[in-house]
Amino acid sequence: MRIVSLLPSATEILFAIGAGDAVVGVTFECDHPPRARTRRIVSTSALPEGLPPAAIDRVVSERMAAGEDLYHLDRGALAGLDADLVVTQDLCAVCAVDVSTVHDALDHLACSADVLTIDPHTLDEVITSVVTIGDATGTGDRARRLAGALRDRLAAVRAKVAAEEPAAALVLEWTDPPFAPGHWVPDMIGSAGGRCVLGRAGERSYRTDWAAVTGAGAGIVVCAPCGFGLEESTRLAAPVARRLPPGTQLWAVDANASFARPGPRLVDGVEALAGIFHPAVAGPPDPALARRLA
């Protein structure tokens with residue numbers, strides 16, 4: 001089997017369940033595990049580099065309103081890979097190549113590859129998608145073992161924090177403008193012993209304003225801007241501190257690794273959140289994933 005992955009999270013899953021050797025094409029964002037960087041890159045971003053968060057939000061909004069793609073799919077690279085399976089998504093046009101673009105490209109190339117569309121909206125659905133990908137790639141047994149191990153880790157976190165008062169918390173998925181969390185992030189907050197003050201599990205993240213943020217009653221604010229690692233998140237979180245009520249804890253996390261991508265490392269993110277919310281029972285968060293600013 002020859003697999004093209006158009007999702008960084010799917011690439012992580014494929015390597016984790018033993019299908020990595022079959023992966024022949026990936027996106028420019030597929031950087032975990034490091035071996036994924038040795039595969040041919042078939043999609044790139046249409047966004048200019050080096051933009052600040054507000055400018056990124058503006059450009060994304062303008063392109064989506066105009067019906068323009070945010071990613072470039074390299075048909076030439078795809079044509080030479082002779083793929084049997086393409087893994088993509090239909091969840092968020094900001095996150096990856098649109099599935100309709102994939103179908104159009106395959107039709108243009110007269111390619112008969114199967115297209116597997118992964119659309120998890122909740123934390124449970126993310127773990128279930130591991131099994132779905134496993135079944136599609138002949139690695140179902142290993143995928144089920146991984147899914148079981150992830151559920152066991154989540155159960156262990158929930159057991160640690162079960163007796164604690166839920167921490168009123170807000171995870172910001174963008175900082176300028178602020179975005180309330182959606183999809184699996186509210187589930188992560190709840191699993192870690194928190195109470196999500198803005199956003200709902202399974203629904204889209206949404207643009208909000210600082211009045212709503214400061215009025216939500218969060219004692220802990222976690223900056224997890226989509227697509228950014230810990231150092232970048234720390235930099236983007238610094239101005240947020242000036243907008244929060246005195247006494248509010250402010251943290252930055254590695255959103256790219258353990259919050260934004262719907263893959264196995266979301267459980268790392270849950271464990272980090274538990275350490276932020278309830279360090280006395282869960283232990284402090286991994287410093288490679290989370291950093292306190294205030």
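What follows is a friendly exchange about how some features of this predicted model get their labels.

Me: Why are α5 and α6 called roughly antiparallel?
Reply: The axes of α5 (residues 123–137) and α6 (residues 140–161) cross at roughly 165° and come within 7 Å. Angles over 145 degrees count as roughly antiparallel, and therefore α5 and α6 are given that label. Their crossing is right-handed.

Me: Which residues make the contact between those two helices, and how do they divide by class?
Reply: On the α5 side you will find Leu123, Asp124, Ile127, Thr128, Val130, Val131, Gly134 and Asp135. Facing them in α6 are Gly140, Ala143, Arg144, Leu146, Ala147, Leu150, Arg151, Leu154 and Arg158. By class, the contact has 9 nonpolar, 3 polar and 5 charged residues. Gly counts as polar in this scheme, so Gly134 and Gly140 belong with the polar residues of the contact.

Me: What makes α6 and α11 roughly parallel?
Reply: Here the packing angle is about 10°, with the axes 10 Å apart. Angles under 35 degrees count as roughly parallel, and α6 and α11 are therefore described that way. The contact brings Leu150, Arg153, Leu154, Val157 and Val161 of α6 together with Val267, Asp268, Val270, Glu271 and Ala274 of α11. By class, that makes 7 nonpolar, no polar and 3 charged residues.

Me: How does helix α1 meet α5?
Reply: Helix α1 (residues 8–16) crosses α5 at roughly 65°, and the axes come within 10 Å. This crossing is right-handed. Ala10, Ile13 and Leu14 in α1 touch Ser129, Val130, Ile133 and Thr137 in α5. The contact residues divide into 5 nonpolar, 2 polar and no charged.

Me: Why are β10 and β14 called edge strands?
Reply: They belong to an open sheet of 5 strands, ordered β10-β7-β12-β13-β14, with mixed pairing. β10 (194–196) and β14 (290–292) each have a single partner strand, so one side of each is left without a neighbour in the sheet. From one strand to the next, the twist averages 30°.

Me: How do you know that β7 and β10 count as paired?
Reply: Two strands pair if DSSP finds at least two bridges between them. Strand β7 (residues 167–172) and β10 have 3 bridges in the parallel sense, so the pair meets that rule. One bridge partnership is that of Ala167 with Gly194 in β10.

Me: Which helices lie against this sheet?
Reply: Helix α9 (residues 230–237) packs on the sheet, where α9 touches β12 (220–223), β13 (249–253) and β14; the direction of α9 makes about 145° with that of β13. Helix α11 (residues 266–277) lies across β7, β10, β12, β13 and β14, and runs at about 145° to β12.

Me: What makes β8 and β9 a pair, and where do they sit?
Reply: β8 and β9 (residues 178–180) share 2 bridges in the antiparallel sense. The rule asks for at least two bridges, so β8 and β9 qualify. Thr175 stands opposite Pro178 in β9. They are part of an open sheet of 3 strands, ordered β8-β9-β11, with antiparallel pairing. β8 and β11 (206–207) are at the edges with a single partner strand each, so one side of each has no neighbour in the sheet.

Me: Why is the aromatic pair of Trp174 and Phe228 called tilted?
Reply: The ring centres are 5.7 Å apart and the planes make 45°. Centres must lie within 6.5 Å for a pair, and planes under 30 degrees apart would be stacked, over 60 edge-to-face. The angle of 45° fits neither of those classes, so the pair is tilted. The count by this rule comes to 1 aromatic pair. Trp174 is in strand β8 (residues 174–175) and Phe228 in the loop between β12 and α9, 54 residues apart.

Me: Which peptide bonds are cis, and where do their prolines lie?
Reply: Most peptide bonds are trans. The bond from His32 to Pro33 is cis, with omega near -5°, and Pro33 is in the loop between β2 (23–27) and β3 (40–45). Another cis bond joins Asp176 and Pro177, with omega about 5°; Pro177 lies in the loop between β8 and β9.

Me: What is notable about phi at Asp82?
Reply: Phi of Asp82 is near 50°, a positive value in a residue other than glycine. Most residues other than glycine have a negative phi. Asp82 lies in the loop between α3 (75–79) and β5 (85–88).

Methods: Residues are numbered from 1 along each chain as its sequence is written. This is a predicted model: local features need pLDDT of at least 70, side-chain atom pairs count only at pLDDT 80 or more; totals for chains, interfaces and linings use all residues. Side-chain values use heavy atoms; hydrogens and water are left out. Axes are lines fitted to C-alpha atoms, for helices over the stretch in contact, and angles run from 0 to 180 degrees between N-to-C directions. Helices (H or I, at least four residues) and strands (E, at least two) are DSSP runs, numbered from the N terminus. Angles under 35 degrees count as roughly parallel, over 145 as roughly antiparallel, 65 to 115 as roughly perpendicular and the rest as oblique. A crossing is left-handed if the near helix is turned anticlockwise from the far one by less than a right angle, and right-handed if clockwise. Contact means heavy atoms within 4.5 Å. Rings of Phe, Tyr and Trp (its six-membered ring) pair if their centres lie within 6.5 Å; planes under 30 degrees apart count as stacked, over 60 as edge-to-face and the rest as tilted.
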